[in-house]
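Colleague: I have just opened this entry and would like to learn how to read it. Please take me through it one feature at a time.

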Amino acid sequence: MIPELGHFALILALCLALVQATFPLIGSLNRTPSWVALARPLAWGQFAFLALSFAALVQAFLGDDFSVLYVAQHGNTQLPLMYKISAVWGAHEGSLLLWALILAGWMVAVATFSRNLPREMVARVLSVMGMVSIGFLSFMLFTSNPFDRVFPAPLEGGELNPLLQDPGLAIHPPMLYMGYVGMSVAFSFAIAALIGGKMDAAWARWSRPWTLVAWVFLTIGITLGSWWAYYELGWGGWWFWDPVENASFMPWLAGTALVHSLAVTEKRGAFKRWTVLLALLAFSLSLLGTFLVRSGVLTSVHAFATDPARGLFILMFLCLVIGGSLSLYAWRAPSISRGGGFELVSRESLLLGNNLLLVLITALVLLGTLAPLLYDALGWGKISVGFPWFNTMFVLFSPLMILLMGAGPLTRWKHHNPSDLLRAVRLSFVVSIAAGVVAALPLLTGSISAGIAVALSVWLLSTLLTGLRQRLQRRSGVRGLLADWKGQGGRAYYGMWLAHLGIATFIIGVTFVTQFDIEKDVRMAPGDEIQLNQYLFRFDGAAQHMGPNYRAQRGTVKVFRDEREVAVLHPEKRVYQVQTKPMTEAGIDAGFLRDIYVSLGEPLGGGAWSVRLYYKPFVRWIWLGGALIALGGLLAASDPRYRMRLRARVGAQAAGKGFGAESTA
Amino acid sequence: MKARQKRFVFILLALGAVAVASVLVVQALRSNITYFYSPSQVVAGEAPADQPFRIGGMVVRDSLQRDPNSVRVRFLVTDNAQQFEVVYDGILPDLFSEGQGAVARGRLENGVFVAEEVLAKHDESYMPPEVADAMKPGEYQAP
């Protein structure tokens, strides 16, 4: 009964989405206030029904209702409570429901936190989000209904994929989806502005905090995913350039470009068309990402053939969203006014350079991700694009980006005297080159890559410090800092500061772990000792160990440095009761400067095991960088200027010129 | 120069840069892709002798041999028509087992395939798509 209620709520949500996609939009165009006023309650209604539907699915998992096909496939009576809940979004149908629920959540957020926006604008934004919602809800109802029943009901479920039974991965998809779907807000703002035919600094100011928050979620999601891959897959890798990872990385890159381009549009009124285009791109890539991962098209083009309905629906939906938004853009863009001009040496042109590089990298990642599909479809053979290619592309373009990133915040809008800029960065330049050379000395690392990485990081750090010093001088020292915190623009600045610091941290982490990690696959019998770098590993055998829904061989590895015990690690080889595939659980001793990582391979007889030993310097800095970037974004999004003065400004503007061409607000 | 001429030169330069960059990118891509060959193709000598490629098929039952003193393993992969020997120094992925599909990346050395990496996807019911395609029709049975 409850699953049917969930199904029914899903249908009702679709009905509401249909109304929401049409009436408020039409009302905003022909000035029917009662239709415009529908937008907010409809958003709430959709959220309520989707929450009900989601709760019904959660209930089915908690109650082990295996008469529901999806639960029978992915649920199990033995699953711990937490994983019964996370199993809801552990596969295709349920994750789509989560997507739709989060979309409704964003709608409600827009409806709630936009009291000071023109009503027509909100109505249009919510209408566009309603259209996206229609796409997802009908996809779910027509091709992937999570509430389908199965008869006769099996006695026990197929269990959630053991790899996904992990706290990191329980929250990774929701975070990622918050990011993906959050990009729909930026998208909807852009479409709404295109419909309205007017785009100004106020539009960018409204759109900015939403985009930032979505981008922060995406950052957190990707960082969590990388961290999870590191400790759960047992390979010690943190990024594989796997299509699934690329699918989340591309919207992040486009989103990063968007966040920066929005800054220009808000401050200077320039780059409007470019910003709109980026907003369309970021969301299109989010959709593409969701579908690439979920449709199975990546494992094989032939996956399309096994379920043509899904594949066709996805293709049509993508074409509709991308084609529709681009046509609207082509139709409306010529009417968008040009922004303020700027000279070659100005913050605008540095940000433009960064934007172009980010889009270029996005395009390259897309190329590498889709190349195997393309080759297969054209009959050129079955290929895979190795990660060296992606790495090369990144190493090629990121130094240029970092150079611009360091100089950008020190440059004034519109025009900056080139010799002034040179004077400001001269010291940073010298210091970073020196640091790089020192780091590359044979005595320290003897690696040119490490030298370059250090130079780039120091460059970022020192330019950031220069910027901070300049700012403090202008604001009469540390006391100014407090005023900065409360005032407008302060938090945005410190947010930028933290996020860029995160990039510097990330560069160090990535380069050092790729250059200096040590890996050894060895055969170890109990009592065997292996020296790796300054660390001595002693294997003390493996013993049987029982978990809640698995049994494991649990190894004991003691790690010594200079005769002193540093860590006792317990890597495990688990076999889950239902899906009887073996699974590796690594033993990790985490540290700020290095990780020690041990995972068990296979038993080789006589108590001996194949064991994988790793020494991973600075690997934590990668995720520390991600966390700093997310924190910075959050700080910037909390800037008071997005909230307090908005009303006054909007009021002044509405009185002055009015927002949309047809708007009377 | 007039503004229009200036813009024209700028666009020309940008197009040139894009063209050069694309050639480089495609070139780099071509040198970094690895093709897939089935055991039959490798036996027939279709696979490159001096370049890395991927081979895949079902792991022949009871063909897995371990070196007693190291982590070196040997196994045979088959597409039900031919089989080919793969040597690998390292730890096999969790999902590797005899009678199941596997893909290895590496190169030919003295008539055996020396793998640098043995691939396994983390998926419930995984059959590498290349392997599924390479299996001779009618003879393949799901494990």
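Modeller: Gladly! Let's begin with labels: helices (H or I, at least four residues) and strands (E, at least two) are DSSP runs, numbered from the N terminus. With those labels you can place a residue such as Phe271(A), found in the loop between α10 (243-268) and α11 (272-295) of chain A. Please keep in mind that this is a predicted model.

Colleague: What is the phi of Phe271(A)?

Modeller: The phi of Phe271(A) is near 60°, a positive value in a residue other than glycine. For another backbone feature, go to the loop between α7 and α8 of chain A, where Pro152(A) is found. The peptide bond that joins Phe151(A) and Pro152(A) is cis, with omega about -5°.

Colleague: Since this is a prediction, let's turn to confidence. What is the mean pLDDT of chain A, and where in chain A is confidence lowest and where highest?

Modeller: The general idea first: where pLDDT is low, the predicted coordinates should not be read in detail. Chain A has a mean pLDDT of 87, with 94% of its residues at 70 or more. Within chain A, confidence is highest in helix α3 (residues 39-62), at 96, and lowest in helix α21 (residues 646-656), at a mean of 44. Two stretches call for care. In chain A, residues 301-305 have a pLDDT below 50, and this stretch has nine contacts in the model beyond near neighbours in sequence. Residues 645-665 of chain A also stay under 50, and the model gives them 35 contacts beyond four places in sequence.

Colleague: And what does chain B average in pLDDT?

Modeller: Chain B averages 80, and 83% of the residues score at least 70. Its confidence is highest in strand β5 (residues 83-89) of chain B, at 92, and lowest in α3(B), at a mean of 68. Over residues 138-143 of chain B the pLDDT stays under 50, and the model has five contacts for them beyond four places in sequence. For the model overall, the scores are ipTM 0.80 and pTM 0.90.

Colleague: Now to helix packing. At what angle do the axes of helix α1 (residues 2-29) and helix α7 (residues 119-143) of chain A cross?

Modeller: Those axes cross at roughly 150° and come within 7 Å. An angle over 145 degrees counts as roughly antiparallel, and α1(A) and α7(A) are therefore roughly antiparallel to each other. The crossing of α1(A) past α7(A) is left-handed. The contact of α1(A) with α7(A) draws on 16 nonpolar, seven polar and two charged residues.

Colleague: How do helix α8 (residues 167-196) and helix α9 (residues 201-232) of chain A pack?

Modeller: Their axes lie 7 Å apart, at an angle of about 155°. That makes α8(A) roughly antiparallel to α9(A). Here α8(A) passes α9(A) in a left-handed crossing. Where they touch, there are 22 nonpolar, eight polar and no charged residues.

Colleague: Sheets next. What is the order of the strands in the open sheet of four strands in chain A?

Modeller: As a general idea, strands of a sheet pair through backbone hydrogen bonds, either parallel or antiparallel. In chain A the order is β2-β11-β10-β9, with antiparallel pairing. The edge strands β2 (518-524) and β9 (587-589) of chain A each have a single partner strand, so one side of each lacks a neighbour in the sheet. From one strand to the next, the twist averages 15°. Between β2(A) and strand β11 (residues 608-617) of chain A there are seven bridges, and Glu519(A) has Tyr614(A) as its bridge partner in β11(A).

Colleague: Which way do strand β4 (residues 72-78) of chain B and β5(B) run, parallel or antiparallel?

Modeller: They run antiparallel, joined by seven bridges. Phe75(B) has Val86(B) as its bridge partner in β5(B). Four residues separate the strands of this hairpin, where Asn80(B) takes a positive phi near 75°. On the other hand, β5(B) runs parallel to strand β7 (residues 112-119) of chain B, with three bridges, and Val86(B) has Phe113(B) as its bridge partner in β7(B).

Colleague: Last, where the chains meet: how many residues of chain B are in contact with chain A?

Modeller: There are 22 residues of chain B in contact with 28 residues of chain A. On chain B's side, α1 (3-32), β1 (33-37) and α3 (129-134) each give two or more residues. That side has eleven nonpolar, six polar and five charged residues. Strand pairing also links the chains: strand β1 (residues 383-385) of chain A runs antiparallel to β1(B), with three bridges. In β1(B), Thr34(B) is the bridge partner of Ser384(A).

Methods
Residues are numbered from 1 along each chain as its sequence is written. Chains are lettered from A and ligands numbered from 1 in the order in which they are written. This is a predicted model: local features need pLDDT of at least 70, side-chain atom pairs count only at pLDDT 80 or more; totals for chains, interfaces and linings use all residues. Axes are lines fitted to C-alpha atoms, for helices over the stretch in contact, and angles run from 0 to 180 degrees between N-to-C directions. Angles under 35 degrees count as roughly parallel, over 145 as roughly antiparallel, 65 to 115 as roughly perpendicular and the rest as oblique. A crossing is left-handed if the near helix is turned anticlockwise from the far one by less than a right angle, and right-handed if clockwise. Ala, Val, Leu, Ile, Met, Phe, Trp, Tyr, Cys and Pro count as nonpolar, Asp, Glu, Lys and Arg as charged, and the others, Gly among them, as polar. Two strands pair if DSSP finds at least two bridges between them. Two residues are in contact if their C-beta atoms, placed from the backbone, lie within 7 Å. pLDDT is the predictor's confidence in each residue, from 0 to 100.
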